[in-house]
Amino acid sequence: MEKITFSTIINAPREKVWHVMLDDVIYQQWTKPFNEGSRYVGKWETGSEMRFIGVNENGKESGGMYSKIKEARPYEFVSIEHLGIITETGEIDTTSEEVKKWTPAFENYSFSNKEGGTEVLVELDISDEWKDMFNDIWPRALAKLKEVAER
């Protein structure tokens, strides 16, 4: 596993960027580069269980990620600890050999004041097999987040 980072500066205050990034309805807009219709179930609070749900081409739920919020400091920082996958049938897998290859993996969001706006810094633990995909998708997702937050 290695850590990769992405960032963008958004011309909006941290509070607005936080809400735009993490509000359920708006989350579905900026995460479209990852999966059209993706959503989450849970709360952005320390200790909360989170389920990041994908959608297939027929609009049906198609598995996803099982995670917990390791730490949440509103308007400053969120650390997501990915612990497993959600299978196509909705089962949580945290013990298979495939899952054990990459868990736990962290996805951290930091929000800081910069250049009259907010810098969003994303840090991910990533395995080689997913690195190219995330290097392609995260910049597009952050551009969408910036677009939505600056409206």
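**Reading the values of a predicted model**

Me: What makes up the accessible surface of the protein, and how much of this surface belongs to carbon and sulfur atoms?
Reply: The accessible surface comes to about 8,100 Å², and carbon and sulfur atoms hold 48% of it, where areas come from the Shrake-Rupley method with a 1.4 Å probe and, for residues, only the protein chains shown count as cover. This is a predicted model in which local features need pLDDT of at least 70 and side-chain atom pairs count only at pLDDT 80 or more, while totals for chains, interfaces and linings use all residues. Residues are numbered from 1 along each chain as its sequence is written, and side-chain values use heavy atoms, with hydrogens and water left out.

Me: Which helices and strands does the protein have, and in what order do they run?
Reply: The protein has four helices and eight strands, counted as DSSP runs numbered from the N terminus (H or I over at least four residues for a helix, E over at least two for a strand). Starting at the N terminus, the order is β-α-α-β-β-β-β-β-α-β-β-α.

Me: Why is the protein called as compact as a globular protein of that length?
Reply: Its radius of gyration is 15 Å, close to the 15 Å that the globule rule gives for 151 residues, so the protein is as compact as a globular protein of that length; the radius is taken over C-alpha atoms, and the rule is 2.2 Å times the number of residues to the power 0.38. Along the principal axes, the C-alpha trace spans about 45 × 35 × 30 Å.

Me: What makes two strands a pair, and in which sense do β7 and β8 pair?
Reply: Two strands pair if DSSP finds at least two bridges between them, and β7 pairs with β8 (residues 117-126) in the antiparallel sense over eight bridges. Within this pair, Ser 112 has Glu 119 in β8 as its bridge partner. The two strands form a hairpin with two residues between them, and Glu 115 in the turn has a positive phi of about 50°. Strand β7 (residues 105-114) also pairs with β5 (residues 77-86), antiparallel over six bridges, and here Phe 77 stands opposite Ser 110 in β7.

Me: How many bridges join β2 and β3, and how many residues lie between them in the hairpin?
Reply: Strands β2 (residues 39-42) and β3 (residues 49-55) pair over four bridges in the antiparallel sense, with Gly 42 opposite Met 50 in β3. Their hairpin has six residues between the strands, including Gly 47 in the turn, with a positive phi of about 90°.
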